[in-house]
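Please look through the sequence and the model below before reading on. The paragraphs that follow lead from charged pairs to the overall layout, and then to individual helices, rings and strands.

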Amino acid sequence: CLLIIDKNISSFQFIKVDRKMPKPDRFKPTRKKAGPQVRKRQTRSVSKPPAKKELTLWDQASRWYDSLVGGQGTDFQKDIIMPGVFRLLDIKKKDHILDLACGQGVFSRYLSQKGVRVEGLDSSSELLKYARLRSGSSIKYHVGDAGDDKNFEANRFDGIASLMAIQNIERMDLLFKSAAHWLKPEKCFVVVMTHPCFRIPRQSH
């Protein structure tokens, strides 16, 4: 209802007005607009691919050399070299011998069959794979440089032998220094190598 006051009349009139009043707006919950959201990027640790191992020349030639020498060695090795080196070492059963530059472990297995404790050292991990496949667990093989005397402690071995390898080692002075460090006093280091007169380029026979 509306109350109308007229100045010219002395009474008040109430006039009913049929008017629909606007309904109050319903309050709707408004969501506060968020500002620009900065998504935190999860820093994922990117794993770097493993560094490729540098292959030595003997790693690259391992298949060829293994097919040449085989598991037992050539006839020349079996009939002349290995029996001769065994005699020169003058070793007994249970002696501790290092097969230096052992390759695929032909001489290591020969010594092991004689009842000798053997360890082999070679710079080619590929050749040592062949050695481990053909050898028993009693023979320990190590990857390392023959010129690094830190491979073993001093006075470790009763004898050291290096067969048909020294001609392929660049620093022979370091090799002899290492052998002297590893050998027990009064023990032998036997070296077998090809004579330069009979070494044909790109041939190993």
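A salt bridge is counted here when a side-chain nitrogen of Lys or Arg lies within 4 Å of a carboxyl oxygen of Asp or Glu. By that criterion the structure holds five salt bridges. The model is a predicted one, and the account returns to some of these pairs after the general picture.

The protein has six helices and seven strands. Read from the N terminus, the order of elements is β-β-α-α-α-β-α-β-α-β-β-α-β. Of the 205 residues, 31% are buried. The exposed surface of the protein comes to about 16200 Å², with carbon and sulfur atoms supplying 53% of it. When contacts between residues at least 6 apart in sequence are considered, 62% of them join residues at least 24 apart.

Confidence varies along the chain. The mean pLDDT is 77, and 62% of the residues reach 70 or more. Over residues 1–19 the pLDDT is below 50, and this stretch has twelve contacts in the model beyond near neighbours in sequence. Among the elements, strand β1 (residues 2–5) has the lowest mean pLDDT, 40, while strand β3 (residues 96–100) has the highest, 97.

Just ahead of β3, in the loop that leads to it from α3 (75–89), lies D95. What is the nearest side chain of opposite charge to D95? It is K187, 5.4 Å away; D95 is buried yet has no salt bridge. The cut-off for a salt bridge is 4 Å. Leaving aside neighbours within four places in sequence, D95 is in contact with V116, R117 and D158.

Helix α4 (residues 106–113) is mostly covered, with six of its eight residues buried. These are V106, F107, S108, R109, Y110 and L111. After the helix comes G115, which has a positive phi, near 85°.

The search for aromatic pairs finds five in the whole structure. One of them is F107 with Y110, a stacked pair with 5.9 Å from centre to centre and 15° between the planes. Both residues lie in helix α4, three residues apart, or about one turn of the helix. Residues three or four places apart in an α-helix point the same way, because the helix has 3.6 residues a turn. Both F107 and Y110 are buried. Together with F86 they form one aromatic cluster.

A second pair has another geometry. The ring centres of F152 and F157 are 5.1 Å apart and their planes stand at 85°, so this pair is edge-to-face. F152 counts as buried because its relative accessibility is 6%. F157 is also buried, with a relative accessible area of 0%.

Strand β6 (residues 157–163) also contains S162. With 1% relative accessibility, S162 counts as buried. Apart from neighbours within four places in sequence, its contacts are L100, A101, F189, V190, V191 and V192.

The salt bridges can now be taken up again. R156 pairs with E119, and the closest N and O atoms are 2.6 Å apart. R156 lies in the loop between β5 (140–143) and β6, whereas E119 is in strand β4 (residues 117–122), so the pair ties together parts that are 37 residues apart in sequence. Are the two partners buried or partly exposed? R156 counts as partly exposed at 22% relative accessibility, and E119 counts as buried at 3%.

R156 has a further salt bridge, with E153, at 2.6 Å from N to O. E153 is partly exposed, its relative accessibility being 43%. Through shared partners, E119, E153 and R156 are joined into one network.

Another salt bridge lies within a helix. E126 and K129 meet at 3.3 Å, N to O. The two are three residues apart in helix α5 (residues 125–134), so about one helical turn separates them. K129 is partly exposed, with a relative accessible area of 46%.

Key: Residues are numbered from 1 along each chain as its sequence is written. This is a predicted model: local features need pLDDT of at least 70, side-chain atom pairs count only at pLDDT 80 or more; totals for chains, interfaces and linings use all residues. Side-chain values use heavy atoms; hydrogens and water are left out. Helices (H or I, at least four residues) and strands (E, at least two) are DSSP runs, numbered from the N terminus. Buried means under 20% relative accessible area, exposed over 50%, partly exposed in between (1.4 Å probe, protein chains only). Contact means heavy atoms within 4.5 Å. Accessible areas come from the Shrake-Rupley method with a 1.4 Å probe; for residues, only the protein chains shown count as cover. pLDDT is the predictor's confidence in each residue, from 0 to 100. Lys and Arg count as positive and Asp and Glu as negative; His and the chain ends are not counted. Rings of Phe, Tyr and Trp (its six-membered ring) pair if their centres lie within 6.5 Å; planes under 30 degrees apart count as stacked, over 60 as edge-to-face and the rest as tilted.
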